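Trainee: Got a minute to walk me through this one? I'm new to it and don't know where to look.

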Amino acid sequence: MNKPLRRIAVFCGLLVLTLLLRDNWLQYVKTDALKDDPKNRRVTIARYANPRGDIIVGGNPITGSAESSKTGLNDLKYKRTYKNGSMWAPVTGYASQAFGATQLESIEDGILTGDDDRLFFRKTLDMVTGKEQQGGNVVTTLNAAAQKAAFDGLKKQGGKGAVVALDPSTGKILALASYPSYDPSSFAGNSDTDAAAWKKLQKKYNPNDPMLNRALRETYPPGSTFKVVTAAAALENGKYTSADQKTDSPLPWTMPGTTTELKNEGSIPCKDATMRVALQYSCNTVFGKIGADLGNDKMLAEAKKFGFDAEQFTPVRATASVFSDGMNQSQTALSSIGQYNTAATPLQMAMVASAVANDGKLMKPYMVDTLQSSNLDPVAKTQPEELSRPLSPQNAQVLQEMMQTVVEKGTGTNAKIDGVKVGGKTGTAQHGVANSENPYAWFISYAKLPDGSSPVAVAVVIEDDAANRDDISGGGLAAPIAKNVMEAVIDSKK
């Protein structure tokens, strides 16, 4: 071969090698980036080329798929549909041809579309048989009756709020409701109508922010419901050892380092009250002084055991609740009664009630029970997982007695259920400069059946202009909703 031909051959060989390297770079190194590129419409077309699998509650699908309109430039064959979409939106999220996907629709997209690597055998079999690719199912832990009771209760109140119900023994999420809500079906397509519906739901145009998942993503001052955590800290640190031991609680009590007296609401028996009486009447002075005496470090350690200061993944992410570090005694006192910087999601406060009900053992909350292939074969199953132990069994039982007194003859009597031991705690937290913002009415609770089992723990929060500062609003507004949710779960066990 003469020299010019050899140079041309080497040059062509280098070009081929460069093409091979580029091809491998695109196929193996850049695959995920190209696949997830929002400009890559082929991914979207593939996602909606076949019906999605379903999200299942109690054996019944709460989602579906329908053929898209063929008008305009729509080249997406199917769009998502929802049953009772507003009620289930905090669980499902949305899958929209125009606006993407969130929550379970996004997290489990691979299963729902059939593209997940764990479905390789199923996909291969479908290819061999010539069957169209089908999505798998996401089977949730939700209880339909409990969800309906939660959503209907919030809707009846008419304000903003959220409800979370857990199975204390496993961590299964039984209800996850947020109000106001939205119907994901209204913008599941990509038409002008879908775009208009989407715009109306945005916070910029709708100050009620219906797309905010208040159960997982909003933190509120928990008010007096946090006194359950403070009582747990007192028991765990040996400051007090029983429900009926008198506390060292002078009245009036001035917060350390200040000239400010911590006030109680009304004329209630808080001077040197036992912890049972203090929780029954919600004595700020008793629990504020406990927090100040224990100090920031011990209170923070106990709060963290209940899940504070850490995000939770259900698998949908929940915002971290807050109990601050580096506080002085008076700040710790205020934080120990659920004010100052303390902030909690409804999920977090349901976890507090759940740990107490489960004899001190906190289980990791989760809402996906099983992932299935299109022929209903299990692909993955969630196993209950212990998260922490905020209380010893003995101290948990002391706190159960105290919370049951709150419901039997304290501020939580609206949560009573015949034949069932109910423990609870009310709370009303005001916020904003000079308490200028809407107050929050809280109630946390659990139910214990005659056989000693505890099938449900609940947290309810309501933003309401009419809420009062004296805890009665927590008992009046939130407790009836918690009662209905607990009854729904109990009835489903019969």
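Mentor: Let's go through a sheet, some charged pairs, two helices and one tyrosine.

Mentor: Before that, keep in mind that this is a predicted model, where local features need pLDDT of at least 70, side-chain atom pairs count only at pLDDT 80 or more, and totals for chains, interfaces and linings use all residues. Residues are numbered from 1 along each chain as its sequence is written, and side-chain values use heavy atoms, with hydrogens and water left out.

Trainee: OK, the sheet. What's the strand order?

Mentor: The order is S9-S8-S18-S17-S16, an open sheet of five strands with antiparallel pairing. Strands here are DSSP runs of E, at least two residues, and helices are runs of H or I, at least four residues, both numbered from the N terminus. Two strands pair if DSSP finds at least two bridges between them.

Trainee: And which are the edge strands?

Mentor: Strand S9 (173-179) and strand S16 (421-429), as each pairs on one side only. On average, neighbouring strands of this sheet are turned by 10° against each other, direction ignored. For such angles, axes are lines fitted to C-alpha atoms, for helices over the stretch in contact, and the values run from 0 to 180 degrees between N-to-C directions.

Trainee: How many bridges join S8 to S18?

Mentor: Seven, between residues 160-166 of S8 and residues 456-463 of S18. Val 164 stands opposite Ala 459 in S18. S17 and S18 pair over eight bridges, again antiparallel, and there Tyr 440 faces Glu 463 in S18. S16 and S17 have nine bridges, also antiparallel, with Val 422 opposite Ala 447 in S17.

Trainee: Is S17 buried or exposed?

Mentor: Nine of the nine residues of S17 are buried, so the strand is largely enclosed by the rest of the structure. Buried means under 20% relative accessible area, exposed is over 50%, and partly exposed is in between (1.4 Å probe, protein chains only). Both faces of S17 are covered: one side includes Trp 442 and Lys 448, and the other includes Phe 443 and Ser 445.

Trainee: Let's switch to charges. How many salt bridges does the count come to?

Mentor: It comes to 17. The rule asks for a side-chain nitrogen of Lys or Arg within 4 Å of a carboxyl oxygen of Asp or Glu. One of them joins Glu 105 and Arg 52, at 3.0 Å, N to O. Glu 105 lies in helix H5 (residues 103-107) and Arg 52 in the loop between helix H3 (41-47) and strand S1 (55-57), so the pair ties together parts that are 53 residues apart in sequence.

Trainee: What else is linked in that network?

Mentor: Arg 52 and Glu 105 are in it with Asp 54, Arg 80 and Asp 109.

Trainee: You mentioned Glu 463 earlier. Which residue forms a salt bridge with Glu 463?

Mentor: Arg 214 does, with the closest N and O atoms 3.8 Å apart. Arg 214 sits in the loop between helix H9 (192-201) and helix H10 (227-236) and Glu 463 in strand S18, so this pair ties together parts 249 residues apart in sequence. Arg 214 is buried, with a relative accessible area of 3%, and Glu 463 also counts as buried, at 12%.

Trainee: And the Arg 389 one, how far apart are the closest N and O atoms there?

Mentor: Arg 389 and Glu 386 have them 2.8 Å apart. Arg 389 is partly exposed at 48% relative accessible area, and Glu 386 is partly exposed at 36%.

Trainee: Now helices. What covers the buried residues of H16?

Mentor: The cover includes H10, helix H11 (275-281), H15, S16 and S17, where contact means heavy atoms within 4.5 Å. Among the buried residues of H16 are Asn 395, Leu 399 and Met 403.

Trainee: And H13, which residues are buried there?

Mentor: In helix H13 (residues 296-305), they are Asn 296, Met 299, Leu 300, Glu 302 and Ala 303. Seen down the axis of H13, they fall within an arc of 165°, so they line one face of the helix. That arc is taken from the directions from the helix axis to the C-beta atoms.

Trainee: Last one: where does Tyr 94 lie?

Mentor: Tyr 94 is in the loop between helix H4 (85-92) and strand S5 (95-96). Its C-alpha atom and that of Ser 185, 91 residues apart along the chain, are separated by 8.0 Å.
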